[in-house]
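The following exercises ask the reader to examine one protein model and to reason from it step by step. Each task is followed by a worked solution.

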Amino acid sequence: MEKRNSYRIDLLDSQLKGKHFEYVIGDEFFENIEGLIHRGQLHSIVDCVGTGSIYKFVIHTEGVVIVPCDRCLADLELRIETTDELSVKLGDNYSDEGDCVVVSEAEGYLDLAQFIYEFVALSMPISCCHEPGKCDDTMMEELSRHQTARSGFDGDEVQEFDNDDAEQSESEIDPRWAALKKLKN
């Protein structure tokens, strides 16, 4: 059972520089964090590469997440590999705006869970869709049926257009467009 406090790092630890943390992330991790990703299997390695006034963490995460396909809503498996840096410093109040996260010196702990999730979510493509032809057939048929109904075209109707119609529509040009056309010529 994954516990949220297992992602907490003690920033007041004098031996923090050079420490290496590894996390195996499963479905329970995603259940405890609100977001688009609900399942997955990831491996995350966190290295503290600098301490002093600003702590630097390098977070490398790779694995697979399961998200709904934007087109058919069926499960879509996405391969994830991301390496990110997180800068943290101690201060009076917690703040994660800007390039550096400020952690309250009174607390002295950094919870990495939300940051790992955000780095994974940001590494995903903007549009998450199956490859063409791989979407759920039932959903695609239903989607096609609704698109056809919205357009007013039921598939049996074929609108015929001949040259007489084109000539007639050219003779019925709005006089304002005709004036603009004269200017162009």
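**Exercise 1. Determine how Arg 145 and Glu 142 are placed relative to each other in helix 3, and state which interaction joins them.**

Solution. The model examined here and in every later exercise is a predicted one.
Step 1. Helix 3 covers residues 137-151 and holds both Arg 145 and Glu 142.
Step 2. The two residues are 3 positions apart in this helix, so about one helical turn separates them.
Step 3. A salt bridge links Arg 145 to Glu 142, with 2.5 Å between the closest N and O atoms. This distance satisfies the limit of 4 Å for a salt bridge.
Step 4. Glu 142 has a relative accessible area of 32% and is therefore partly exposed.

**Exercise 2. State how many salt bridges the structure holds, and describe those formed by Lys 19 and by Asp 75.**

Solution.
Step 1. The structure contains 5 salt bridges.
Step 2. Lys 19 pairs with Asp 13, and their closest N and O atoms lie 2.7 Å apart. Lys 19 is partly exposed, at a relative accessible area of 32%. Asp 13 is also partly exposed, at 23%.
Step 3. Asp 75 forms a salt bridge with Arg 39, the N to O distance being 2.4 Å. Asp 75 belongs to strand 5 (residues 75-91) and Arg 39 to strand 3 (residues 39-50), so this pair ties together parts that are 36 residues apart in sequence.
Step 4. Arg 39 has a relative accessible area of 36%, which means that Arg 39 is partly exposed.

**Exercise 3. In which order do the 5 strands of the open sheet follow one another, and which strands form its edges?**

Solution.
Step 1. The order of the strands is 2-3-4-5-6, and their pairing is mixed.
Step 2. Strand 2 and strand 6 each pair on one side only, and they are the edge strands.
Step 3. Ignoring direction, neighbouring strands of this sheet are turned against each other by 25° on average.
Step 4. In general, the strands of a sheet pair through backbone hydrogen bonds, in a parallel or an antiparallel sense.
Step 5. Strand 3 and strand 4 run antiparallel and are joined by 11 bridges. Strand 5 and strand 6, by contrast, pair in the parallel sense over 5 bridges. In the pairing with strand 6, Gly 91 stands opposite Ser 104.
Step 6. Helix 2 (residues 113-123) lies across strand 2, strand 3, strand 4, strand 5 and strand 6, and runs at about 130° to strand 5.

**Exercise 4. Is strand 6 largely enclosed or open, and why?**

Solution.
Step 1. Strand 6 comprises residues 100-104, and 5 of its 5 residues are buried.
Step 2. On one side of the strand, the buried residues are Cys 100, Val 102 and Ser 104; on the other, they are Val 101 and Val 103.
Step 3. Both faces of strand 6 are thus covered. Because 5 of its 5 residues are buried, strand 6 is largely enclosed by the rest of the structure.

**Exercise 5. Describe the surroundings of Thr 61 in strand 4.**

Solution.
Step 1. Thr 61 lies in strand 4, which spans residues 55-68.
Step 2. The relative accessible area of Thr 61 is 1%, so this residue is buried; the limit for a buried residue is under 20%.
Step 3. Ser 44 stands opposite Thr 61. The side chains of these two residues are also joined by a polar contact of 3.0 Å.
Step 4. When neighbours within four places in sequence are left aside, the contacts of Thr 61 include Leu 42, Ile 80, Ile 116 and Val 120.

**Exercise 6. Is Leu 16 buried or exposed, and which residues does it contact?**

Solution.
Step 1. Leu 16 is located in the loop between strand 1 (8-10) and strand 2 (20-25).
Step 2. With a relative accessible area of 1%, Leu 16 is buried.
Step 3. Apart from neighbours within four places in sequence, the residues in contact with Leu 16 include Ile 9, Phe 21, Cys 48, Tyr 55 and Phe 57.
Step 4. Thr 51 is another of these contacts. Leu 16 and Thr 51 are 35 residues apart along the chain, yet 7.4 Å separates their C-alpha atoms.

**Exercise 7. How many helices and strands does the protein chain have, and what share of its residues is buried?**

Solution.
Step 1. The chain has 5 helices and 7 strands.
Step 2. Of its 185 residues, 30% are buried.
Step 3. The chain exposes about 13,000 Å², of which carbon and sulfur atoms supply 48%.

Notes:
Residues are numbered from 1 along each chain as its sequence is written. This is a predicted model: local features need pLDDT of at least 70, side-chain atom pairs count only at pLDDT 80 or more; totals for chains, interfaces and linings use all residues. Side-chain values use heavy atoms; hydrogens and water are left out. Helices (H or I, at least four residues) and strands (E, at least two) are DSSP runs, numbered from the N terminus. Buried means under 20% relative accessible area, exposed over 50%, partly exposed in between (1.4 Å probe, protein chains only). Contact means heavy atoms within 4.5 Å. A salt bridge is a side-chain nitrogen of Lys or Arg within 4 Å of a carboxyl oxygen of Asp or Glu. A polar contact is a pair of N or O atoms within 3.5 Å; within protein, one must be able to donate a hydrogen and the other to accept it, and residues adjacent in sequence count only if both atoms are side-chain atoms. Two strands pair if DSSP finds at least two bridges between them. Axes are lines fitted to C-alpha atoms, for helices over the stretch in contact, and angles run from 0 to 180 degrees between N-to-C directions. Accessible areas come from the Shrake-Rupley method with a 1.4 Å probe; for residues, only the protein chains shown count as cover.
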